[in-house]
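Here's a quick walk through a fold, from the whole chain down to a few side chains. Keep the viewer open while you read.

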Amino acid sequence: MSDVNSRASGPVRRSRDVPLLVERARAGDPRAVARLITLVESGDEVLPQVAAALAPYAGQAQVVGLTGSPGVGKSTTTNELVRALRARGHRVGVLAIDPSSPFTGGAILGDRVRMQDHATDPGVYIRSMSSRGHLGGLSAATPQAVRVLEGAGCDVVLVETVGVGQAEVEVASLADTTLVLLAPGMGDAIQAVKAGILEIADVFVVNKADRDGADATVRDIQGMIALGERGPGEWRPQVVRAIAARAEGIDDIAAAIDKHRDWLERHGELRRRREARAAAEIEAIALGALRARIGSLRDGTQLPTLAAKVAEGAIDPYAAADDLLTQLAT
């Protein structure tokens with residue numbers, strides 16, 4: 001099902017027939033999946049129809065996020081995880097988020113090139129997505145793209161983030177299980193206990209574990225975990241060593257993901273996380289619609305009039321904002 005080298009036929013590539021596209025995607029047609037994700041990324045006016053058609057299939061895939069600094073081996077680890085999951089008979093979707101240029105808005109979208117091993121596997125769908133300036137390591141369209149892959153029958157969806165550093169925490173709100181990848185020599189013990197990206201991990205993967213300093217990195221992470229306060233029965237993040245370039249430790253990563261999934265289900269946390277994810281999606285869509293309405297006000301007289309009053313000191317910006325919200329509600 002991979003779209004890495006598929007050639008979309010004209011009708012599918014241009015189609016906006018949502019029921020037909022969903023039907024073909026459910027049947028495993030990679031061109032239909034690609035078209036649906038394109039509609040999602042472009043914010044097409046049929047997006048509400050796409051979301052409605054995919055709603056019955058929500059929550060059917062396990063979503064695993066992979067994050068970490070550039071150079072820790074996220075793409076290689078993702079590639080090997082795909083191989084391990086396919087050996088289990090799972091259909092796998094991969095969303096690889098690439099950074100976009102702040103100057104041109106373009107992106108290399110090269111992560112899927114690193115996963116050419118699966119290019120001809122009909123049980124794998126790989127899609128590179130540009131972050132399009134969205135902060136947090138993902139693209140604004142990622143949640144809906146996950147829904148497309150769920151609708152296409154993927155059992156597991158792997159979401160590989162941009163790799164921007166300690167502030168890249170958005171993936172934790174999207175994934176059922178979040179893997180944070182580290183590598184020896186990319187930070188000392190102080191780095192290991194900093195707030196941010198290291199606090200979102202369900203599983204830590206110390207990749208490139210054949211390098212000097214791997215033992216120290218593992219100790220630093222285990223020390224950080226020991227400092228955390230946890231109540232009875234709460235999840236304790238796992239620490240796994242791996243050498244993804246040699247496919248070593250991949251089974252241990254998969255086992256840690258399975259262990260976390262079991263814990264999520266036994267403690268009702270999986271439902272809570274997915275409800276929180278849905279709440280975040282609803283909020284993002286509502287805020288997007290609100291921003292669009294505010295933007296349309298710039299073409300009228302309401303916002304410029306309020307701005308002029310604030311600039312001359314006639315009213316304060318909070319009062320102006322309240323006035324604006326009142327007008328938007330009418």
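What follows goes from the overall make-up to the sheet, then to one helix residue and some ring contacts.

This is a predicted model, where local features need pLDDT of at least 70, side-chain atom pairs count only at pLDDT 80 or more, and totals for chains, interfaces and linings use all residues. Residues are numbered from 1 along each chain as its sequence is written, and side-chain values use heavy atoms, with hydrogens and water left out.

First, the big picture. The protein chain has 13 helices and 7 strands; these are DSSP runs numbered from the N terminus, with helices being H or I of at least four residues and strands being E of at least two. Of its 330 residues, 46% are buried, and buried means under 20% relative accessible area with a 1.4 Å probe, protein chains only. About 16200 Å² of the protein chain is exposed, and carbon and sulfur atoms supply 53% of that; the areas come from the Shrake-Rupley method with a 1.4 Å probe. Among contacts with a separation of 6 or more, 73% are between residues 24 or more positions apart, a contact being heavy atoms within 4.5 Å.

Now the sheet. The 7 strands make an open sheet with parallel pairing, in the order β3-β2-β4-β1-β5-β6-β7; two strands pair if DSSP finds at least two bridges between them. At the edges sit β3 (124–130) and β7, each of which pairs on one side only. From one strand to the next, the twist averages 20°. Helix α6 (residues 142–151) packs on this sheet and touches β1, β2 (92–98), β3 and β4 (156–160), with its direction at about 160° to that of β2. Such angles run from 0 to 180 degrees between N-to-C directions, using lines fitted to C-alpha atoms, for helices over the stretch in contact.

Strand β5 deserves a stop of its own. Here are its parallel neighbours:

| Strand | Paired with | Bridges |
|---|---|---|
| β5 (residues 177–182) | β1 (residues 62–68) | 5 bridges |
| β5 | β6 (residues 203–206) | 4 bridges |

On the β1 side, G68 stands opposite L181. On the other pairing, L182 has V206 of β6 as its bridge partner. How many residues of β5 are buried? The count is 6 of 6, so the strand is mostly covered. In a regular strand, side chains alternate between the two faces of the sheet. In β5, T177, L179 and L181 point one way, while T178, V180 and L182 point the other way, and all are buried.

L179 also turns up in the surroundings of I253. That residue is found in helix α10 and is buried, at a relative accessible area of 0%. Leaving out residues up to four places away in sequence, I253 touches T77, L81, L179, V205, V240 and A242. Its C-alpha atom is 9.9 Å from that of A84, although the two are 169 residues apart along the chain.

Last, the rings. A search of the whole structure finds 1 aromatic pair. W235 and W263 form this tilted pair, at 6.0 Å centre to centre and 50° between the planes. Rings of Phe, Tyr and Trp (its six-membered ring) pair if their centres lie within 6.5 Å, and planes under 30 degrees apart count as stacked, over 60 as edge-to-face and the rest as tilted. The pair links distant parts of the chain, 28 residues apart: W235 is in the loop between α9 (214–227) and β7 (238–241), and W263 in helix α10 (residues 250–266). W235 counts as buried at 12% relative accessibility, and W263 counts as buried at 12% too.

Elsewhere, R26 lies over the face of Y57, 3.9 Å from the ring centre. For that label, NZ of Lys or CZ of Arg must be within 6 Å of the ring centre and within 35 degrees of the ring normal.

Note on methods
Buried < 20%, exposed > 50% of the residue type's maximum accessible area, 1.4 Å probe, protein only.
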